[in-house]
Amino acid sequence: LAFNDLTLAGRMDEKNEEVKALLIEVRSKHDAARAEAEFKRGKDALNADDEKAAFASFKAAAAIDTHNAEANYEVARLSVRLQHDLRDASSHAQRAVEAAPTHLGYRMLYARILTQAGMTALAKKQFEEVLKLDPANAEAKKALKRRWPF
């Protein structure tokens, strides 16, 4: 309702800077609430073992809030699990890593997706980043040793 009222007020007085600022704030809060609701719907669907519904909800949450690391991670993870497009999965995994660069799980998923997509140079870089964060990570060590013996 606030959004509608502010939109109407903005049309009536297009030069009112206060209305413009309030409209931006209301839109931002509305988007955040929508993203949170979609993310919760996705978690609930996962708990009910409905991965397709969870995927759709996480995808909606990630579209609303592109910087939501957890939503992007879930989209990427479920994309792989449901055998969807690896390019889309890679894009979401990359967003998760960019939003939370020190999260090992996000980096490992991104590296796995890149490997699966045949993007070996990018995968190598991600595995190396994992080892910087966790020098004892066995999977990253094994992946680097197996693919790049130098």
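Let's start with a useful word: a residue is called buried when its relative accessible area is under 20%, exposed when it is over 50%, and partly exposed in between (1.4 Å probe, protein chains only). This is a predicted model, in which local features need pLDDT of at least 70 and side-chain atom pairs count only at pLDDT 80 or more, while totals for chains, interfaces and linings use all residues. Residues are numbered from 1 along each chain as its sequence is written, and side-chain values use heavy atoms, with hydrogens and water left out.

Now look at helix 6, residues 104–116. Helices are DSSP runs (H or I, at least four residues), numbered from the N terminus. Helix 6 has 13 residues and reaches 18 Å from its first C-alpha to its last, close to the 18 Å expected; that expected span is 1.5 Å times one less than the number of residues. Its buried residues include Tyr106, Leu109, Ile113 and Leu114. Just after helix 6, Gly118 takes a positive phi of about 85 degrees.

Next comes the interior. A nonpolar core is a set of buried Ala, Val, Leu, Ile, Met, Phe, Trp, Tyr and Cys residues joined through side-chain atoms within 4.5 Å. The largest such core has 19 residues, and Ile113 and Phe127 have the most contacts inside it. Helix 6 gives the largest share of this core, seven residues. Apart from it lies another core of 11 residues, among them Phe55 and Ala71.

Finally, meet two residues that have a positive phi although neither is a glycine.

| Residue | Phi | Loop between | Relative accessible area |
|---|---|---|---|
| Asp49 | about 60 degrees | helix 2 (17–47) and helix 3 (51–64) | 69%, exposed |
| Gln83 | about 60 degrees | helix 4 (69–81) and helix 5 (86–99) | 73%, exposed |

Key. Helix = DSSP H or I, 4+ residues; strand = E, 2+ residues; numbered from the N terminus.
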